[in-house]
Amino acid sequence: LIAIASGGDTSLSTASDGTVLHDCNSEVLVIRALRRFLFEQIKSVMRNCDPVGEVFVEMDPDSGLFKLMDNYQVVMIQNNPPSGDASVVQPPPKKPPKNIKHLLNCDHSSPGALQFGVPIYKSGQIRGLTFVTEAFFNDNPNSVKPRSACPSDKLTLMNVVGIQGSLLSQILLPVYISRHIFSKSAVVNKESLKRSFYERIESFIPEITPPYKLNKPEFCVSSSTRKVPFDKMYGRFAGWADCQNSENAWEIIKLPEGKALSKTPKLLSRAKDESDVDFVQRKLTIAKEIESSLVASKLCKRNFMSTFAEVNLLRGKNVTHIYSECKAGAEQFQTTKSMFKAAISRANFGTWVTKKVENDKFSPS
C-alpha cells in the first residue's frame, strides 16, 4: 500500500499562487500523493540514498528517464466508482438510494458527456464564524468560482497521459492504473466504467505516439464490504497519507479552503455536566484554531514545483521558475493531452474545462 486518501469536494478558493488544492476528491488526492511518493523515490535514487521502504523506480537506458519497474503495477482500490460518467447507468435510476452519493451527483441522461461544476456551499454563521453545512454543484460556465472536471473525466484523461502529471512526465515515463478494485457493497456497473474510462474516446482519438497509449484497466469487486470511514468533525475535511514514507507524510485538508492543517485539532467530547452554550463555545474555539492553522498542502502545485526544480538540479538541469513554463516543457505530454481534449470534443461529449492562464503564472520562490 503506497497511499490512501479520503475526500469528495472541490475548493471554493480562487487563489492563483499554487498554494491551494482546488480538487479534493479522494481519487485526485491519492494520485497526487502517489506522485509525491514517486518524486521522493527518484530523489533518493539520484542521491544514491536508501529510500524509505522498497524501491519502485529505475532508470530506462533508452529514454534517459526513470520508469516504474516492470514487476510493479498501480492498482486503485475505491469504496465506490468515481462520480461523473463512470457512475452513469442506463436506463437512468428512477430513484437512486440517498446514501449513494456518486449516483446522486451525476447526470444520468447523457452517458459519455463531461460532467463538472463548481461547489456551492450552504452555510450558517454562529457568533461571526461561518460553518459549511452542505455542498452541491452549479454548472455555470460564467461562474467566477473555480470549475473542475469530475473524477471520472480526470481518470479518463489519466488513461491517456498517465497518472504522473506534466512535471513528473519530464522525469518519469508514463505510469498507468492497471486495475480498479471496488468495495463489495458498491454499486458497480462494469459497462459504465469501460465506457467512461476509455470506450467513449477510443473511436475519436488518433494513434497515440509511444510511450503514451490508450490504457484499458481491469475492473474488479473486492470480497470485502469494509469501507473507509469519513469523519466530518467541525466542518468538511479531506485527507491523505503516504503509507511508505515517514510519519509526517500525511495531512488533513480543510474545505472549502483547500489548505492543510498545520496541527492536529483536539478531540471534542462533551463533558457530562456541560451546558449547550459551553459546548458550542468550545466547538467555536476549536474551529477558530483550525482556521488559523491552515497552510499550503504538501500536494499543492507550489510544492510540486519546488520538488521538480530540486530533482532537475540533481540531474544538472536548470528549469524556469514559472510554473506554467515548466508545464509547457512537457511537450509530448501536452500534445497527448491536447489529442484527448480534441477526441472528447469530436465525440460531442463537451469541452474540457479550461483554467485561467494567470492561475499558473506563479513562482515557488
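The following exercises, each with a worked solution, concern the strands and helices of this predicted model.

Residues are numbered from 1 along each chain as its sequence is written. As the model is predicted, local features need pLDDT of at least 70 and side-chain atom pairs count only at pLDDT 80 or more, whereas totals for chains, interfaces and linings use all residues; side-chain values use heavy atoms, with hydrogens and water left out.

**Exercise 1.** Determine in which order the 5 strands of the open sheet are arranged, and which strands stand at the edges.

*Solution.* Step 1: strands are DSSP runs of E with at least two residues, and helices are runs of H or I with at least four, both numbered from the N terminus. Two strands pair if DSSP finds at least two bridges between them.

Step 2: the order is β1-β10-β11-β12-β13, with antiparallel pairing.

Step 3: β1 (3–6) and β13 (294–295) each have a single partner strand, so one side of each lacks a neighbour in the sheet.

Step 4: helix α1 (residues 26–46) packs on this sheet and touches β1 and β10. The direction of α1 makes about 150 degrees with that of β1, where axes are lines fitted to C-alpha atoms (for helices over the stretch in contact) and angles run from 0 to 180 degrees between N-to-C directions.

**Exercise 2.** Describe how β10 is paired, and state whether its residues are buried or exposed.

*Solution.* Step 1: β10 (residues 236–242) pairs with β11 (residues 250–255) over 6 antiparallel bridges. Within this pairing, Arg 236 is matched with Leu 255 and Ala 238 with Ile 253.

Step 2: β10 also pairs with β1, in the antiparallel sense, over 4 bridges; here Gly 239 stands opposite Ser 6.

Step 3: in a regular strand the side chains alternate between the two faces of the sheet. In β10, Arg 236, Ala 238, Trp 240 and Asp 242 point one way, and Phe 237, Gly 239 and Ala 241 the other.

Step 4: buried means under 20% relative accessible area, exposed over 50%, and partly exposed in between (1.4 Å probe, protein chains only). Because 7 of the 7 residues of β10 are buried, the strand is largely enclosed by the rest of the structure.

**Exercise 3.** Establish how many residues of helix α3 are buried and which elements they pack against.

*Solution.* Step 1: α3 (residues 151–161) has 11 of its 11 residues buried, including Asp 153 and Lys 154.

Step 2: these residues pack against α1, β4 (74–78), β7 (148–149), β8 (177–182), α5 (190–202) and α9 (331–346); contact means heavy atoms within 4.5 Å.

Step 3: just after α3, Gly 162 adopts a positive phi of about 95 degrees.
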